[in-house]
Amino acid sequence: MTLTLYNTLTRRKEPFEPIDPKNVRMYVCGPTVYDLAHIGNARPIIVFDVLFRLLRHLYGEQHVTYARNITDVDDKINARAVERFPEMPPTEAIRKLTEETTAQFHKDIAALGVLPPTVEPRATDHIAEMRVLCDELVANGHAYVGEDHVLFAVGSMPDYGKLARRSLEEMEAGARVDVAPYKRGPMDFVLWKPSKPGEPSWPSPAGIATPGRPGWHIECSAMAGKHLGNVFDIHGGGIDLVFPHHENEIAQSRCAHGTSVMANVWMHNGFLQVEGEKMSKSLGNFVTIKELFDEWRGYSWPGQVARFAMLGTHYRQPIDFSQDALDQASIALSGFKTWAADIPGASPSREFMDALSDDLNTPRAIAELHRLSQLAQRGVHEQTDRMTKPGAMLEKLEASPAAQLSASLSFLGLDMESYDRNWVQNQSRLSISEEQSAKIAQLISARLAARKAKNWAESDRIRDELAAMGIQLKDGKDPQTGEAITMWEVKR
RNA sequence: GGCGACGUGGCGGAGUGGUGACGCAGCGGACUGCAAAUCCGCGUACGCCGGUUCAAUUCCGGCCGUCGCCUCCA
């Protein structure tokens, strides 16, 4: 089994070869903590969590370092902090905002079954490293100072634009931004900028007297360099980050460290839409992770359902996040829950691992889940037959489809232990009042009596009456006594 | 305007130069007094127009459509 990953740098799938198998290093761009994380934010977090699990499986838990940052210095943060806590001094307001948002982020993604990364560096803890990068870049001629800003000189790097596959000329020709007077080249970008009064500020690098704060891209270069080294294995994020964020990270890091690459493999997940439309606040279809758990479209969705729905589409494809997708995920998980058996020592099936190893082909892996589930069902039926015969023996339990199914689900980070396969029905019942509930129970016992008397007309009439109330009946037998019992649920 | 991605059956969604993954829905059957649930079975789809090829959904070119990036954005 060889791990193959699609590399944005080469636009090809390539066999993955770590620089050091004893220390495989991956960096993923984490959130800017100014507001609740939304389901678009959740996609890379989930996708790279799966990759993290796969890498740990392949190289050993102790041999993988996964860094995912928290960006807690940013203009949006400053603006939001003042807006939300106008009574506080700005620096205090900013700390309160970033701490609260970070805590909620951790809560949200934990519910999505996401493992904590090995390190989760914060931008504000790495200001010194950013200053050093600025100094180095100015010293070696890749950056310059203008009006108390430090700017990266894009023209000083011959292959700037390689990741995004754009040439400087075409970018400059198509540029729609006004060029600030302190820029030498129109595409030059800010590494450090002066702070206005009230804004967070730190002593500036490159001999600038005015206190300042970092630009957007520098924090990732600083944190990745510190925790993973000047060159590491995998760098991931959303496809919208390819340009300018990742391109600029590459420029800063490579020019500061004098390396030919920053990371060997660059991975990008596709964009997310909601019900076929771009997710935006103005369209009113903005969905936060927290909202999904609290209430979205009438349900509070289990984290497993959201996670599974997200993995149903290959990570590089655009994904349409919809209620229909969540419903289908929920149905599939309920089926798996029924047939999976948690057997110690079990492993995911070969095909499952092969699918994941093929550039994280989660849809193919999920197809394998369905196959195992089907085999498990058949196995149960066959076993029931065999159990009735003397000498029936269960062999190789840990290699059984039910065990493999369970292990595969667990590998994907889907906690089936806590997943309630009847969660939809149970939630629906919450909307039924006490009186309705009593009425339903009364009708059901009347119908049972009618059925006992083989009065099918009356029995069916009652079922229709309940159906008109939106109640679906399910007849069955008590497994112990064999007595007829009737369950009900709210029709969807 | 520049750059890029995508367009597969009713829906979702893999994949492949030549035997139609997988799921949902639907249909048929088993079970049931009848249903529901469950189980079994059933599907000749790859945006359009050209080209390459013995053979293209799969490769190449053009067109159309959707989306993204170029400014903050996962």
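**Exercise 1. Find out how many salt bridges the whole structure holds, then work out which parts the pair D35 and R80 ties together.**

*Solution.* Start with the total: a search of the whole structure, which is a predicted model, finds 30 salt bridges. Now pick out one of them. The side chains of D35 and R80 meet with N and O 3.0 Å apart. To count as a salt bridge, the nitrogen must be within 4 Å of the carboxyl oxygen, and this pair is listed as one. Next, place each partner. D35 lies in the loop between β3 (24-28) and α1, while R80 lies in helix α2 (residues 75-84), so the salt bridge ties together parts that are 45 residues apart in sequence.

**Exercise 2. Describe how chain A is divided, and characterise the contact between domain 1 and domain 2.**

*Solution.* Step one is to list the pieces: domain 1 covers 4-269, domain 2 covers 272-423 and domain 3 covers 432-490.

Step two is to look at the spacing. Taken over C-alpha atoms, the centres of domain 1 and domain 2 are separated by 33 Å.

Step three is to look at where they touch. Here 30 residues of domain 1 are in contact with 35 residues of domain 2. The area buried between these two domains is about 2,800 Å², and carbon and sulfur atoms give 69% of that. On the domain 1 side, I39, R43 and V50 lose the most area to domain 2, together 26% of what that side buries.

Step four is to count the polar links. Between domain 1 and domain 2 there are two salt bridges. In one salt bridge of the model, D358 pairs with K13, and their closest N and O atoms are 2.8 Å apart. The two domains also share 10 residue pairs in polar contact.

Step five is to ask which elements take part. On the side of domain 1 that touches domain 2, β1 (4-7), α1 (39-59), α3 (90-111) and β10 (263-269) give two or more residues. Helix α1 gives the most, with 12 residues. Sorted by class, that side has 16 nonpolar, eight polar and six charged residues.

**Exercise 3. Work out which residues and atoms meet RNA strand B.**

*Solution.* Begin with the surroundings: 48 residues lie around RNA strand B, and K76, W216, G238, L241 and R463 come nearest. By class, this surface has 12 nonpolar, 20 polar and 16 charged residues. Helix α12 (residues 362-387) gives the most to the surface, with seven residues.

Now turn to the RNA side. Of the strand's atoms within 4 Å of the protein, 60% belong to sugar or phosphate, and the rest to bases.

Finally, go through three individual contacts:

- The side chain of W216 has an N or O atom 2.7 Å from a phosphate oxygen of RNA strand B.
- In H314, a backbone N or O atom lies 2.6 Å from a phosphate oxygen of the strand.
- The side chain of R166 has an N or O atom 3.2 Å from a sugar or linking oxygen.

**Exercise 4. Locate the cis peptide bond at P244 and the positive phi of R165.**

*Solution.* Take the peptide bond to begin with. The cis bond joins F243 and P244, and its omega is about 5°. P244 sits in helix α7 (residues 242-257).

Then turn to R165. Its phi is positive, about 60°, although R165 is not a glycine. R165 is found in the loop between β6 (149-152) and α5 (168-174).

Key: Residues numbered from 1 in each chain as written. Chains lettered and ligands numbered in written order. Predicted model: local features only at pLDDT ≥ 70, side-chain atom pairs only at ≥ 80, totals over all residues. Heavy atoms only, no water. Near = heavy atom within 4 Å. Polar contact = N/O pair within 3.5 Å; in protein donor to acceptor, adjacent residues only side chain to side chain. Helix = DSSP H or I, 4+ residues; strand = E, 2+ residues; numbered from the N terminus. Nonpolar A, V, L, I, M, F, W, Y, C, P; charged D, E, K, R; others polar. Domains from an automatic or database assignment. Contact = heavy atoms within 4.5 Å. Buried area = accessible area lost by both parts, 1.4 Å probe.
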